[in-house]
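Grab a pencil and work through these exercises with the model open in your viewer. Try each task before you read its solution.

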Amino acid sequence: MTDNILKIEGLCKDRGKTRVLHDVSLTVSPGERVALLGHNGAGKSTLIKAVLGLIPIEGGSISVASHRPGKGAARSATAFLPEAVSFHPALTGREQLSLFARLSGERADVPGLLERVGLADALDRRIGTYSKGMRQRLGLAQVLLGHPKVALLDEPTSGLDPISRQDLYAIIDELAAGGCAVLIASHALTEVEARTDRIAIMSKGHLVANDTLTGLSAKAGLKTRLRVRAAQDADAIAAQIGGSRINGASVEILCTPDQKMIELRRIAAMGDAVADVDITPPRLEDLYRHYAREELK
Ligand SMILES: Nc1ncnc2c1ncn2[C@@H]1O[C@H](COP(=O)(O)OP(=O)(O)OP(=O)(O)O)[C@@H](O)[C@H]1O
């Protein structure tokens with residue numbers, strides 16, 4: 001995972017007189033799944049459009065598989081799944097994918113692809129009769145069909161039920177396992193927390209964080225919560241390790257990541273007086289709030 005198949009350096013973009021992307025640098029390597037997070041209007045879609053070569057940029061550079069966006073080689077290396085994917089309603093799933101395969105010069109096992117995305121039963125149904133989730137699955141089949149080196153997915157799970165979301169991420173995992181660099185713009189923090197390798201956070205057109213979850217946690221210095229359940233006497237535990245009593249049976253301690261093992265050893269030293277310990281590290285939601293707020297300062 002050393003070569004960056006997608007490389008964005010110092011990207012600046014204006015909309016009218018307003019700068020909406022400020023000096024954004026971001027890379028994605030083959031096989032990596034990177035989440036692109038940010039409030040409404042933070043600049044995620046603008047960044048994706050720039051990578052697709054759909055809009056001119058005011059500064060910086062973008063390279064997709066060593067080519068400039070918009071060039072034929074960059075386009076054929078890239079797949080894009082928009083948030084609201086739309087197809088001609090009169091075509092069937094099979095016709096749509098066969099048409100796309102012909103246009104892109106791919107030899108494709110269309111029924112196999114549709115089965116892979118869970119649409120085997122809807123193969124010969126018109127897309128106009130598909131649900132939103134089914135259209136999203138068809139969009140993903142289209143992404144798979146192109147064997148892309150870079151996949152840009154804009155809110156891929158919006159409007160999908162929990163099982164469909166899991167299915168979709170399983171397919172994204174496969175895509176990445178095959179060496180594709182995947183950039184997922186999303187507001188679904190819990191999902192991307194579990195299913196991506198790195199998190200990039202945008203705020204008002206600036207990239208304010210770009211690291212693994214562990215790296216983001218360490219830099220932010222947010223506290224880990226240790227909840228200690230007493231076997232019998234919670235007061236005695238609170239007196240010994242500090243922290244605050246949260247109910248009749250438990251004591252809660254907040255500690256920084258580097259203090260965690262020290263606290264755990266102190267808790268373990270109390271032996272049978274402790275019935276259980278729950279460890280809750282900072283969640284992506286906490287980290288997201290932290291980094292987005294830092295930018296506002
Ligand atoms: N066609 C346009 N003309 C003028 N301004 C635009 C245009 N498209 C986007 N913008 C502005 O650019 C900024 C970034 O918008 P963008 O759509 O990239 O945000 P986003 O992070 O994708 O938001 P969301 O999560 O709501 O999709 C916003 O201030 C938006 O108003």
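**Exercise 1.** Sort the residues of strand β8 by the way they point, and decide whether they are buried or exposed.

*Solution.* Start with the directions: R198, A200 and M202 point one way from β8, and I199, I201 and S203 point the other way. That fits a general pattern: in a regular strand, side chains alternate between the two faces of the sheet. Next, check burial (20 or more other C-beta atoms within 10 Å of the residue's own, with C-beta atoms placed from the backbone; 12 or fewer would be exposed, in between partly exposed). In β8 (residues 198-203), 6 of the 6 residues are buried, so the strand is largely enclosed by the rest of the structure.

A word on the model: it's predicted, so local features need pLDDT of at least 70 and side-chain atom pairs count only at pLDDT 80 or more, while totals for chains, interfaces and linings use all residues. Residue numbers run from 1 along each chain as its sequence is written.

**Exercise 2.** Find which strands pair with β8, and in what sense.

*Solution.* Strands are DSSP E runs of at least two residues, numbered from the N terminus, and two of them pair if DSSP finds at least two bridges between them. First, β3 (residues 33-38) runs parallel to β8, with 5 bridges; here G38 sits opposite M202. Then β9 (residues 206-211) runs antiparallel to β8, again with 5 bridges, and N210 is the bridge partner of A200. Finally, look at the β8–β9 hairpin: 2 residues lie between the strands, and K204 has a positive phi near 50°.

Methods:
Helix = DSSP H or I, 4+ residues; strand = E, 2+ residues; numbered from the N terminus.
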